[in-house]
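Here are my notes on the model you sent over, as a set of numbered points. Please have the coordinates open as you read.

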Amino acid sequence: MAKIQETVEIHEKVNENNEVINKTVNRTTRKIEALGEPDYIKLYTRVWCEFNSIPVPYRNLFLQLAIRMSYADANNLSESQVVHTSKPTSDSICKVLGWKDNMYQKGLKVLCDCGAIRRVNRGAYQINPSYAGRGAWRYNPRLEQGGVEDLVATFNFRKGTVEASFTWGDEDGNEQVIQASEEA
């Protein structure tokens with residue numbers, strides 16, 4: 001939403017009797033446009049942690065992985081939302097979490113076991129799109145990825161299911177709805 005800012009400057013000349021002999025009013029109106037939403041990572045950490053029974057010690061590891069993942073790409077879903085977990089990334093994450101390498105490796109295994117991430121190659125994991133997504137709010141033709149138009153996740157704790165749906169926009173204004181369902 002644009003913000004309107006108005007500035008009013010009043011200059012008066014007065015004579016020796018304090019009478020206004022000349023008055024100038026300058027009004028300046030500026031419309032300040034927001035540059036748009038920044039890139040985002042949308043997380044529902046408390047919900048997915050509880051829903052998937054992820055142990056508390058590994059929740060911050062997931063967040064550290066999610067902020068380092070690549071963009072979602074509707075044209076190449078199998079290679080999107082990937083995070084490289086070898087050095088120097090592992091050193092950086094261990095430093096943030098105050099962990100040693102063995103705790104980090106155990107955490108990757110725990111997150112794989114509960115479905116938050118999956119191993120795609122040695123030192124590379126993919127973030128489960130039901131848990132987190134990385135993209136731009138709208139398509140930007142200067143970038144090589146599309147943009148998320150809408151994201152909806154429905155959790156059913158009683159049945160142990162989650163349904164996720166997101167709408168992906170491209171450079172031609174086309175939208176693609178992608179749906180996923182999963183049982184815990």
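1. G160 counts as buried, at 16% relative accessibility; buried means under 20% relative accessible area, exposed over 50%, and partly exposed in between, with a 1.4 Å probe and protein chains only. G160 lies in the loop between β8 (147-156) and β9 (161-169). The C-alpha atoms of G160 and F51 are separated by 7.4 Å, although the two residues are 109 apart along the chain.

2. A word on the basis of these notes. This is a predicted model, in which local features need pLDDT of at least 70 and side-chain atom pairs count only at pLDDT 80 or more, while totals for chains, interfaces and linings use all residues. Residues are numbered from 1 along each chain as its sequence is written, and side-chain values use heavy atoms, with hydrogens and water left out.

3. Now the overall layout. The protein chain has four helices and ten strands; these are DSSP runs numbered from the N terminus, helices being H or I with at least four residues and strands E with at least two. In sequence order the pattern is β-β-β-α-α-β-α-α-β-β-β-β-β-β. Of the 184 residues, 32% count as buried. Among contacts (heavy atoms within 4.5 Å) with a separation of 6 or more, 50% come from residues 24 or more positions apart.

4. Next, how do helices α2 (residues 59-66) and α3 (residues 89-97) pack, and at what angle? Their axes are 11 Å apart and the angle is about 140°, which makes α2 oblique to α3. Here axes are lines fitted to C-alpha atoms, for helices over the stretch in contact, and angles run from 0 to 180 degrees between N-to-C directions. Angles under 35 degrees count as roughly parallel, over 145 as roughly antiparallel, 65 to 115 as roughly perpendicular, and the rest as oblique.

5. Staying with this pair, α2 passes α3 in a right-handed crossing; the near helix is then turned clockwise from the far one by less than a right angle, whereas anticlockwise would be left-handed. From α2, the contact is made by N60, L61, Q64 and L65, and from α3 by I93, V96 and L97. By class, this contact has five nonpolar, two polar and no charged residues. In that scheme Ala, Val, Leu, Ile, Met, Phe, Trp, Tyr, Cys and Pro are nonpolar, Asp, Glu, Lys and Arg are charged, and the others, Gly among them, are polar.

6. Helix α2 also packs with α4 (residues 101-113), at an angle of about 85° and with axes 10 Å apart. The two helices are therefore roughly perpendicular to each other. On the α2 side, L61, F62 and L65 meet Y104, G107, L108 and L111 of α4. This contact has six nonpolar, one polar and no charged residues.

7. The loop between α2 and β4 deserves a look of its own. S80 is found there and counts as buried at 4% relative accessibility. Setting aside neighbours within four places in sequence, S80 is in contact with S70, Y71, A72, D73 and Q126. Q81 sits in this loop too, and is buried at 6% relative accessibility. The phi of Q81 is near 60°, a positive value in a residue other than glycine.

8. A second non-glycine residue to check is N18, whose phi is positive at about 65°. N18 is in the loop between β1 (3-14) and β2 and counts as exposed, with 63% relative accessibility. V20 belongs to strand β2 (residues 20-32) and is partly exposed, with a relative accessible area of 47%. Not counting residues up to four places away in sequence, V20 touches E12, K13 and V14.

9. For the peptide geometry, please look at K87 and P88, which are joined by a cis peptide bond with omega about 5°. P88 is in the loop between β4 (82-84) and α3.

10. Lastly, what does the side chain of N128 reach? Its partner is the backbone oxygen of G115, at 2.8 Å; a polar contact is a pair of N or O atoms within 3.5 Å, where within protein one must be able to donate a hydrogen and the other to accept it, and residues adjacent in sequence count only if both atoms are side-chain atoms. N128 is in the loop between β6 (124-127) and β7 (132-135), and is buried, with a relative accessible area of 10%.
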